[in-house]
Amino acid sequence: PEAFDPFASRWAEVATGPGPLAGPLFASLVNTVAGFDPVGWGVPYGTALATDAPQLLLEVAAQALAALLDHGAPGPHNHHHGAQDEGEAPPPNVFRRLLGEIRDPKAMTTIYRGLTRLLNNVHEAESTYLPGSAYKVMCHQEILVLVWKLVEENDAFCQHILKHCDITRLVVPVLFLMYEARQQPAKVGLVHICTFLLLKLSGERALGVLLNKPYQERLPMVDLPIFQGTHADFLIVTLQKIIVTGTDKLSSLYHCFLTIVCNISPYCKTLSLVASVKLVNLFETFSSPRFFFSSETNHLFVALLLEIFNNIIQYQYAGNPHLVYAIVRRKQVFSRLTHLELPMAVRNLSIPPGVTGTGGAAEADLDASLATVE
């Protein structure tokens, strides 16, 4: 009775257990999702003349595959709460094992192209000259889960897409989805999974190098500043916009956002003027006494930004005059850290000594500070 878990799914345990049809079912679901072409014949409003059967099949296949991959453990030595006998390991999830065993380069390329085609369809369908003329995939959240599972469970797939595929085809729609969901509390989970995906990929050197590819996309992001640069500029500008204009529930991801930028900073050959100014603006906001002392962990943001500046200046100094110029123009912001003390900040800002944390008036002051760098 002590080992009984009322939340465990007996159906999921049986469905993800070893079986003779697990392999064909897994291949069928993956082929259905990765083989779907949202463009079709390319005829405007072509979906209005055909049935919705292929689209419904795509959504059901993506949801079923995400549900099957989300249950249990990939290996035979991992336990989960549904085990009836604590001394005996439960059967592993056969679908997660099959996902991690994909090694064929052609298969990995086909899967990656199919999934990125579906993710890019979200912004491509909104960028047409004729409104509503292109079919828009509605199961992009399930597709993101599948991409995350592939990157997390299959290291060979992660290395393959970084070395042999155009990784910007994945980074652009992920950033677009984060940008669109930044002010919607109901989509905080979507922003989280996108952030973790970028954080996972940014740990690889290949991503930082590939982000130097020129950015030439036309996305329906009206509020985003206009710039000419690389995909690294697009990433920095987008994350800065999410920090400034995003909902308060995303504050827990600020550290992840800055870590992503920090991971790619040694490889940013040339940052645009817009991205450079946005980074310095973030530093000014996070290093302001009002925000710096509002929480015991806020100093980590300043440390990450300083590391970003150090990496770019140390490794890519020749190609980043805009960042160096922006830092020199705002040198008083950096020199202010030398004299940053809590008693002086309390006197200057008239903050009661007992006020700590990020709630109440301190949070309102942070919102006002972020609004100044938008």
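**Exercise 1. Find where Gly 208 sits in this predicted model, and work out whether Gly 208 is buried or exposed.**

Step 1: Start with the helix. Gly 208 lies in helix α10, which covers residues 205-210.

Step 2: Check the accessibility. Buried means under 20% relative accessible area. Gly 208 comes in at 3%, so it counts as buried.

Step 3: Look for its partners. Leaving out residues up to four places away in sequence, Gly 208 touches Ile 264 and Tyr 267.

Step 4: Take one distance. Ala 232 is 24 residues from Gly 208 along the chain, and their C-alpha atoms are 7.8 Å apart.

**Exercise 2. Ile 264 belongs to helix α12; work out how many residues of α12 are buried, and which ones.**

Step 1: Locate the helix. α12 runs over residues 254-264.

Step 2: Count. Nine of its eleven residues are buried, so you can call α12 mostly covered.

Step 3: Name them. The buried set is Tyr 254, Cys 256, Phe 257, Leu 258, Thr 259, Ile 260, Val 261, Cys 262 and Ile 264.

Step 4: Pick one and check it. Cys 256 has a relative accessible area of 15%, so it passes as buried.

Step 5: Try a cysteine outside this helix. Cys 268 has 2% relative accessibility and is therefore buried too.

Step 6: Ask about bonds. How many disulfides does the structure hold? Zero.

**Exercise 3. Cys 262 has a neighbour called Asn 311; describe the surroundings of Asn 311.**

Step 1: Place the residue. Asn 311 is part of helix α15, residues 299-315.

Step 2: Decide on burial. With 12% relative accessibility, Asn 311 counts as buried, because the cut-off is under 20%.

Step 3: List the contacts. Once residues up to four places away are set aside, Asn 311 touches Cys 262, Ser 265, Pro 266 and Gln 316.

**Exercise 4. Describe how α8 packs on α9, then do the job again for α13 and α16.**

Step 1: Get the geometry of the pair α8 (residues 168-180) and α9 (residues 188-202). They pack at about 150 degrees, with axes 9 Å apart, and the crossing is left-handed.

Step 2: See who meets whom. The α8 side includes Leu 170, Val 171 and Val 174, and the α9 side includes Leu 190, Cys 194 and Thr 195. The contact residues split into twelve nonpolar, one polar and no charged.

Step 3: Move to α13 (residues 273-286) and α16 (residues 321-329). Here the angle is about 35 degrees and the axes are 8 Å apart, while the crossing is right-handed.

Step 4: List the residues. Leu 273, Ser 276 and Val 280 in α13 meet His 322, Leu 323, Ala 326 and Ile 327 in α16. That gives five nonpolar, two polar and no charged.

**Exercise 5. Step back and sum up the whole chain, including how confident the predictor is.**

Step 1: Count the elements. The protein chain has 19 helices and zero strands.

Step 2: Add burial and contacts. Of its 374 residues, 46% count as buried. Among contacts with a separation of 6 or more, 76% join residues 24 or more positions apart.

Step 3: Read the confidence. The average pLDDT is 84, and 81% of the residues score at least 70.

Step 4: Find the extremes. Among the elements, α12 has the highest mean pLDDT, 97, and helix α19 (residues 361-372) the lowest, 46.

Step 5: Spot the weak stretches. Residues 76-87 stay under 50, with 21 contacts beyond four places in sequence in the model. Residues 351-366 are also below 50, with 13 contacts beyond near neighbours in sequence.

Methods
Residues numbered from 1 in each chain as written. Predicted model: local features only at pLDDT ≥ 70, side-chain atom pairs only at ≥ 80, totals over all residues. Heavy atoms only, no water. Axes fitted to C-alpha atoms, helices over the stretch in contact; angles between N-to-C directions. Helix = DSSP H or I, 4+ residues; strand = E, 2+ residues; numbered from the N terminus. Left-handed = near helix turned anticlockwise from the far one by under 90°. Contact = heavy atoms within 4.5 Å. Nonpolar A, V, L, I, M, F, W, Y, C, P; charged D, E, K, R; others polar. Buried < 20%, exposed > 50% of the residue type's maximum accessible area, 1.4 Å probe, protein only. pLDDT = per-residue confidence, 0-100. Disulfide = S-S within 2.5 Å.
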